[in-house]
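Opening the notebook on this one. I want to look up cysteines, helix packing and one odd backbone angle.

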Amino acid sequence: MMDSTGAIVVGVDGSEQALRAVRWAAVEAAQRNLRLHLISGVDPALVGYYGVGLPIPQEAFDQVERQAEQELTDAAAAAHEAASGVVVTTARSQASPVPMFLDLSKRARLIVLGASGRGGFEGMLTGSTAVSVVAHSECPVVVVRGDERRPGPVVVGVDGSPTSISALGVAFEEAAWRGVPLVAVHAWSDRDYATTIPVEYGLLQTEPSDAEQARVLSESLAGWQEKHPDVTVERVVVRDRPRRQLLDWSARAQLVVAGSRGRGGFRGLLLGSTSQALLHYAECPVLIVRPQD
């Protein structure tokens with residue numbers, strides 16, 4: 001079954017990181033009455049081993065397929081152990097992981113990946129598959145890092161950009177589902193802010209005041225609190241680099257939500273420095289929201 005419509009999709013590759021992602025996603029799916037869709041793709045290392053364009057021997061192909069099916073079976077068992085009532089479907093795809101997930105993201109509710117999989121280089125903190133999927137996915141993506149299940153608030157980074165407003169909406173929904181407070185963090189530094197304010201403000205040689213920064217956060221929150229009146233919101237406005245603040249909060253949060261990129265950086269940049277830092281170093285699962293048309 002390849003249909004990912006409305007499901008929480010998890011990549012399975014036999015690694016412990018993938019199983020942690022499966023367990024995390026199983027609980028989320030069960031609580032929200034969503035289907036959990038486990039999928040395995042072709043390992044690029046297998047193609048590389050035999051050479052691009054060369055046929056893979058049937059014996060090797062059969063062995064890989066048996067292993068993939070066993071990994072899916074083990075992952076389904078882990079999902080049911082984590083959340084006994086969850087509905088699980090599995091699929092084996094002959095596509096490479098990145099294009100496979102990007103296609104599934106057109107219909108999925110959420111994609112969940114382990115921080116690093118079976119491939120990659122030793123010492124790589126986040127696998128190349130996860131980074132590529134986060135950068136191009138059409139639905140939100142969670143990378144399960146750190147403590148996969150701990151108490152704590154949902155934390156969201158807010159900078160006033162359209163993508164961060166979308167992330168804020170997702171964060172409110174996550175906090176409401178979990179019944180926990182939402183911590184909205186607006187962190188800024190003089191150096192970062194100087195690259196984003198209009199030139200005329202720079203010519204005046206003025207610095208944005210704390211009150212102005214608090215206003216950015218208040219305007220971003222406007223409307224969302226009315227939609228989610230039961231969510232308690234803690235506002236944090238601090239002169240600091242956003243990635244440092246969000247990484248600090250990740251040690252106390254159960255989930256950190258961020259936009260794929262904020263108001264800084266170059267136009268067309270798919271992932272900002274803050275979201276990349278969270279993918280590599282956060283101490284809890286990270287949910288990245290990309291801009292939508």
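A disulfide, as I count it here, is a pair of cysteine sulfur atoms within 2.5 Å. I applied that rule to the model, which is a predicted one, and the count came to 0 disulfides.

**Cysteines**

I then checked two cysteines for exposure. Cys 139 has 4% relative accessibility, so I put it down as buried. Cys 284 is at 0% relative accessibility, and I logged Cys 284 as buried too.

**Helix H5**

Which residues of helix H5 are buried? I went through residues 128-136 and got Ala 130, Val 133, Val 134 and Ala 135. Next I looked up what covers them. The cover includes two helices, H4 (97-104) and H12. It also includes strands E4 (110-114), E5 (141-144) and E10 (286-289).

**H4 against H5**

Since H4 is part of that cover, I looked at how the pair packs. Their axes come within 9 Å and cross at roughly 30 degrees. Angles under 35 degrees count as roughly parallel, so H4 and H5 are roughly parallel to each other. I noted the crossing of H4 and H5 as right-handed. From H4, the contact uses Pro 97, Val 98, Phe 101 and Leu 102. From H5, Thr 129, Ser 132, Val 133 and His 136 take part. By type, I get 5 nonpolar, 3 polar and no charged residues in the contact of H4 with H5. Val 133 turns up in my list of buried H5 residues and in this contact.

**H11 against H12**

H12 is also part of the cover over H5, and I looked up its packing with H11. How do the axes of H11 and H12 cross, and within what distance do they come? For H11 (residues 242-250) and H12 (residues 273-281), I read a crossing of roughly 30 degrees, with the axes coming within 9 Å. That makes H11 roughly parallel to H12. The crossing of H11 and H12 is right-handed. H11 puts in Pro 242, Arg 243, Leu 246 and Leu 247. H12 answers with Ser 273, Thr 274, Ala 277, Leu 278 and Tyr 281. My tally for the contact of H11 with H12 is 6 nonpolar, 2 polar and 1 charged.

**Asn 33**

Last stop was the backbone. Asn 33 has a positive phi of about 55 degrees, although it is not a glycine. I placed Asn 33 in the loop between helix H1 (16-31) and strand E2 (36-40). Is Asn 33 buried or exposed? Its relative accessible area is 72%, so I wrote Asn 33 down as exposed.

Note on methods. Residues are numbered from 1 along each chain as its sequence is written. This is a predicted model: local features need pLDDT of at least 70, side-chain atom pairs count only at pLDDT 80 or more; totals for chains, interfaces and linings use all residues. Side-chain values use heavy atoms; hydrogens and water are left out. Axes are lines fitted to C-alpha atoms, for helices over the stretch in contact, and angles run from 0 to 180 degrees between N-to-C directions. Helices (H or I, at least four residues) and strands (E, at least two) are DSSP runs, numbered from the N terminus. Angles under 35 degrees count as roughly parallel, over 145 as roughly antiparallel, 65 to 115 as roughly perpendicular and the rest as oblique. A crossing is left-handed if the near helix is turned anticlockwise from the far one by less than a right angle, and right-handed if clockwise. Contact means heavy atoms within 4.5 Å. Ala, Val, Leu, Ile, Met, Phe, Trp, Tyr, Cys and Pro count as nonpolar, Asp, Glu, Lys and Arg as charged, and the others, Gly among them, as polar. Buried means under 20% relative accessible area, exposed over 50%, partly exposed in between (1.4 Å probe, protein chains only).
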